[in-house]
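Okay, hi everyone, thanks for making time. Have a look at what's on the screen, and I'll talk you through a few things in it.

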Amino acid sequence: MSAKEEKTSAIVATKESEVTSSFALPKIELKSTIKTAVSKTNEVLSIMEVQKDMTSSMVGSRIRPLAFQAKQVAQKAVIIYESRQHYAPQIIAGSAATIGLLVSVRRGKVPGALMGTVGGVGAYAAVYGQPPKF
């Protein structure tokens, strides 16, 4: 090698050592870092679990009475729905009249009468169910 090449390789070598020394990673104790990370993770998980338990107990205490009231209302609605055949003429006439009036105001007398009839037939089917097949 010539003197010029030796000088260039020496400069490159010193620059490489400067670069690697400036980017050297700090020495970290791996075990202590892992222990710290695990303990912090456990703390966060325990806090989250406590918050979840508190939230679920609050929600549960609020939902139970509402569910009980909803069940009572649903039972009353079923009882009223089952007694619909006692008021069949009123239900059918009211449905036909309401639908017929609404359509006649919007479209005219003839479409109102037709749709009122269709609404009455639908109400009849809803009250009495499907007619028996012969």
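Let's start on the outside: Leu30, Ile34 and Val38 make a nonpolar surface patch of about 290 Å². A patch here is built from residues with over 30% relative accessible area and no salt bridge, joining nonpolar side chains (Val, Leu, Ile, Met, Phe, Trp, Tyr) within 5 Å and like charges within 9 Å. The areas come from the Shrake-Rupley method with a 1.4 Å probe, and for residues only the protein chains shown count as cover. One of the three, Ile34, sits in helix α2, residues 30-82. Ile34 counts as partly exposed because its relative accessibility is 48%; buried means under 20%, exposed over 50%, and partly exposed is in between, again with a 1.4 Å probe and protein chains only.

Quick note on the source: this is a predicted model, so local features need pLDDT of at least 70 and side-chain atom pairs count only at 80 or more, while totals for chains, interfaces and linings use all residues. Residues are numbered from 1 along each chain as its sequence is written, and side-chain values use heavy atoms, leaving out hydrogens and water.

Now the whole thing. We've got four helices and zero strands, where helices are DSSP runs of H or I with at least four residues, strands are runs of E with at least two, and numbering goes from the N terminus. Of the 134 residues, 9% count as buried.

So where are the buried residues in α4? They're Gly112, Gly116, Gly119, Gly120, Ala123 and Val127. They cover an arc of only 105 degrees around the axis, which puts them on the same side of α4; that arc is taken from the directions from the helix axis to the C-beta atoms. Those buried residues pack against α3, 88-107, with contact meaning heavy atoms within 4.5 Å. Flip to the face turned away, and you find exposed residues: Val110, Leu114, Thr117, Val118 and Val121. Right after α4 comes Gly129, with a positive phi near 80 degrees.

Last bit: charges. Side chains of opposite charge can pair when their charged atoms come close. How many salt bridges does a search of the whole structure find? Just one. The partners are Asp53 and Lys52, at 3.5 Å, N to O; the cut-off is a Lys or Arg side-chain nitrogen within 4 Å of a carboxyl oxygen of Asp or Glu. Asp53 is partly exposed at 39%, and Lys52 is exposed at 52%.
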